[in-house]
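User: I'm new to reading protein models. Could you walk me through one, feature by feature?

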Amino acid sequence: MRALVLIGCLLMSWNAISSPIPDFPFVTVTGESSRKVTPDTAVVGIEIVTYSESADKAFEKLNNTAAKLLSILEKYKVSTDNITSHQLVKDTKRARENNGYSKLDILGYEFTQVFEIRLDKLEHYSEIADEISKMDNVKGLKSEFDVSNREEIEVELIGLAGKNAKLKAKKMALGLDVKLGSVFAINDTGSYKSFFATFGLDNDRVIAFGMPPIDSSFFVPKHIEISKTINVLYKLTP
């Protein structure tokens, strides 16, 4: 059971802290809930990287690659509104002396641009990922899958996490022969650090949740897991 119990009346002075700890007995608990769901959307991220001894040629390669990317997406009816291009980066490549300190002649120029593609449907995901991965000058294909009704699911999960937290708090209060009072504070950031910062305390434990990006995946996962974590502070009474 992951729970942090702080019980007792703290009489110490907290003048050096911006927000004082509550001056009544309390217990804090973490409530968790999760659900496996079938993804129906995805965000695909790629980098286009081109190089040439001539800046003009390197830039032309990048434009040609971007045009081919747009052509692929158009074929699968991906709206241009779902395509985001980020800032273009130009890097001058120079020769160096053996000691690595003196910059010498220019060898060439490298252009890099990141694109994000939002797929509202996954019907053609595998074909799109496959064609993009086979393109020249493209690297770093990453996909992050999601569901279109995430907000609705998260609201339900927060409710379930709250019930889970209350059950934990009741068990601890019973074991300590005290009564569980009202809720004093709730935090759903998934981190004790920000939770106790409210009361001038700190804790380095961070609870992570969410679906990490998947590198170079040509297949849609059968399920992804959505989870929510909340921290609740209950008052205690004798």
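Analyst: Happily; we'll go through a sheet, a helix, the cores and a single residue. Keep in mind that this is a predicted model.

User: Let's begin with the sheet. In what order do the three strands of the open sheet lie, and is the pairing parallel or antiparallel?

Analyst: The general idea is that strands of a sheet pair through backbone hydrogen bonds, either parallel or antiparallel. Here the order is β1-β9-β7, and the pairing is antiparallel. At the edges are β1 (26–37) and β7 (179–187), each of which pairs on one side only. On average, neighbouring strands of this sheet are turned by 35° against each other, direction ignored.

User: How many bridges link β1 and β9?

Analyst: Twelve bridges join β1 to β9, which covers residues 224–237. To find your place in the pairing, look for R35, which stands opposite I226 in β9.

User: Which strands does helix α3 lie across?

Analyst: Helix α3, residues 150–175, lies across β1, β7 and β9, and runs at about 140° to β1. For a helix, you can also compare its reach with the expected span. The 26 residues of α3 reach 37 Å from first C-alpha to last, close to the 38 Å expected at 1.5 Å a residue. After the helix comes D177, with a positive phi near 60°.

User: Which residues of α3 are buried, and what covers them?

Analyst: The buried residues are I153, E154, L157, A161, A165, K168, A169, M172 and A173. Their cover includes β1, β7 and β9.

User: Now the cores. Which members of the largest nonpolar core touch the most other members?

Analyst: As a general guide, in soluble globular proteins nonpolar side chains tend to be buried together. The largest core here has 34 residues, and I46, I48, L69, I117, L119 and I132 touch the most other members. Elements that each supply at least two residues include β2 (41–52), α1 (55–75) and β5 (103–119). The largest share, seven residues, comes from α1. A second, separate core of eleven residues includes V29, A161, A169 and A173.

User: Let's finish with one residue. Is K139 buried or partly exposed, and why?

Analyst: To decide, look at the relative accessible area: buried means under 20%, and exposed means over 50%. K139 has 48%, so K139 counts as partly exposed. You'll find K139 in strand β6. Setting aside residues up to four places away in sequence, K139 touches I46, E47 and V49. The C-alpha atoms of K139 and V114 are separated by 9.8 Å, with the two residues 25 apart along the chain.

Note on methods:
Residues numbered from 1 in each chain as written. Predicted model: local features only at pLDDT ≥ 70, side-chain atom pairs only at ≥ 80, totals over all residues. Heavy atoms only, no water. Pairing = 2+ DSSP bridges. Helix = DSSP H or I, 4+ residues; strand = E, 2+ residues; numbered from the N terminus. Axes fitted to C-alpha atoms, helices over the stretch in contact; angles between N-to-C directions. Contact = heavy atoms within 4.5 Å. Expected span 1.5 Å × (residues − 1). Buried < 20%, exposed > 50% of the residue type's maximum accessible area, 1.4 Å probe, protein only. Core = buried A, V, L, I, M, F, W, Y, C linked by side-chain atoms within 4.5 Å.
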